Amino acid sequence: MKIVMKFGGTSVGDGKKIRHVAELAKSYYDKGDQVVLVTSALAGVTDRLLDVGNDACENGKVTAVTEFITALKQQHFTAVDEAIDDESVKAEVIEFLTTRIDELEKALVGICYLGELTLRSRDNISSYGERLAAPIVSGALRSSGIASVDYTGGEAGIITTDVFGGAKPLQKSYALIQERLTPGLKNSVQVVTGFIGENEDGNITTLGRSGSDYTASIVGVGIKADEIWLWKEVDGIMTANPKIVPSARTIHFISYQEAMELSSLGAEVLHPRAIEPSMMHNIPVRVKSTFKPDFDGTLVVTENKKSKNVVKAVSMIKKVSLINVSSPEMVDSVGKLAVIFSILANKDVGVRLISQGSESSISFIVNDADRSKTVKALKAELGEAYTIDYRSDVSVVAVVGAGMAGTPGVAKRVFTALGKENISIIMISQGSSEYNISCVVSSAEVNTAVAALHAEFELDKPENGKE
Ligand SMILES: Nc1ncnc2c1ncn2[C@@H]1O[C@H](COP(=O)(O)OP(=O)(O)O)[C@@H](O)[C@H]1O
Ligand SMILES: N[C@@H](CC(=O)OP(=O)(O)O)C(=O)O
């Protein structure tokens, strides 16, 4: 089989874990599979890179950069030591990482002096996590006796739009990936950095936070993979986040559509865009646990396997704000909603949920990070005839499943289950696909809401009576 295997930050968290990842990939390669490996940065590194970049820009402290670089070097050199046995491979990788980290230090010091961090330089800085991880993973493979080369996303052929922080691959990427990666498929395991690509001018771009799943899907389409495997610290896509609901179960089959709804409604197990390229080319995506390689995990496929459960999973979105816009001017008028949403679009604000309670008001959910610019822009542009208010203490809880479409009574069960827990629903939204019902509740109650809905739809019981 031709498989793209993606390992997230938790799976490559340190040298021991990288060694395990290399062993896993080797075991499939030795069995005759053709494997391309996509790696994320070591857990937490991307966050730290973004923090140090912002700090360099705001405070300009070169000493803080030097301290960060020392720690980063130490972390990655320790990982090399733990993951790679062969001394000459070890020396090669250390030399390469040293050059790359020096380059990063210079960029950060530059930001300190300039006091400026453009979107382009932010992408460049945040790309270093993956650009430091890939050589270690590739080195661990070489050390175990497998030929391996590592590529940045751009080197592998991922050429993107110029939207720094949220770039998308251009159509030509797929042919480029095929051309560049196919020759090495038979006799090596090639390693590609997740999360990053480059624009047509050769500048590094990023595909959005947690974008390595998306990379795997893009590479999978490029090499015409049989399956794309996303290795995680969890058993697969589960009926709820197992950290919130310990009795959550693995969903064995889920459709592309359901998986997309689930991830865009907050299930961090999958990047919302990750499914898109694989769905367009009908490549199955498997979500598997690095701790249980023999467990099949979840298979995401076209077919909507109707399960006994109308609801397949419960998810939640935290760190969001509810914005209410109301005005008598909205009654009996055409185009007012277009004006409101154009204001948001001009400020680059994505809307996560919308609900219109009456003709004179509309409510929607945006990420917390966008709240203040949204409120400011709406107030400035809509004027005094409009009332704009917001709540920042809210979260979204959603039930998702294709079985909900056309099944009466699901909404009643959602409201009753939340009511029994005394949870008041601040806003309701349902997609026209009828694949989800989402409710905005207070953040203090969202975990209870998830657990209550999980219990109401009996998601802790084996589907169709068997595991
Ligand atoms: N429905 C869900 N099923 C499985 N995991 C979920 C779900 N919702 C949220 N999660 C969380 O998503 C994370 C996915 O695993 P992780 O290995 O961290 O992925 P990656 O490293 O690729 O980002 C887990 O921490 C898990 O708690
Ligand atoms: N390292 C990037 C990309 C990524 O996909 O990471 P992870 O697979 O650990 O979610 C991020 O933190 O956003």
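Buried, as used in this report, means under 20% relative accessible area, with exposed over 50% and partly exposed in between (1.4 Å probe, protein chains only). Helices (H or I, at least four residues) and strands (E, at least two) are DSSP runs, numbered from the N terminus. Residues are numbered from 1 along each chain as its sequence is written, while chains are lettered from A and ligands numbered from 1 in the order in which they are written. This is a predicted model in which local features need pLDDT of at least 70 and side-chain atom pairs count only at pLDDT 80 or more, whereas totals for chains, interfaces and linings use all residues, and side-chain values use heavy atoms, with hydrogens and water left out.

**Helix α15**

In helix α15, which spans residues 446-456, the buried residues are Val-446, Ala-449, Val-450, Ala-452, Leu-453 and His-454. Their cover, counted by contact (heavy atoms within 4.5 Å), includes β11 (313-326), β14 (387-400), α14 (410-420) and β16 (436-442). Glu-458, just after α15, has a positive phi of about 50°.

**The two ligands**

A residue is near a ligand if one of its heavy atoms lies within 4 Å of it. By that criterion ligand 1 is surrounded by 17 residues, the closest being Lys-6, Lys-232, Glu-233, Asn-241 and Lys-243. The surroundings of ligand 2 include Lys-6, Ser-40, Glu-130, Arg-209 and Ser-212. The table lists polar contacts, which are pairs of N or O atoms within 3.5 Å.

| Ligand atom | Protein partner | Distance |
|---|---|---|
| Ligand 1, oxygen | Asn-241, side-chain N or O | 2.6 Å |
| Ligand 1, oxygen | Lys-232, polar side-chain atom | 2.8 Å |
| Ligand 1, oxygen | Gly-9, polar backbone atom | 3.4 Å |
| Ligand 2, oxygen | Ser-40, side-chain N or O | 2.7 Å |
| Ligand 2, nitrogen | Glu-130, side-chain N or O | 2.7 Å |
| Ligand 2, oxygen | Ser-212, polar backbone atom | 3.0 Å |

Accessible areas come from the Shrake-Rupley method with a 1.4 Å probe. On its own, ligand 1 has 560 Å² of accessible area, of which the protein covers 89%, and ligand 2, taken alone, exposes 340 Å², of which the protein buries 82%.

**Cysteines**

How many disulfides does the structure hold? There are zero disulfides, a disulfide being a pair of cysteine sulfur atoms within 2.5 Å. For Cys-57, which is in no disulfide, the nearest cysteine sulfur is that of Cys-112, 9.2 Å away. Cys-57 is partly exposed, with a relative accessible area of 22%, whereas Cys-112 is buried, at 9%.

Definitions and conventions: A polar contact is a pair of N or O atoms within 3.5 Å; within protein, one must be able to donate a hydrogen and the other to accept it, and residues adjacent in sequence count only if both atoms are side-chain atoms.
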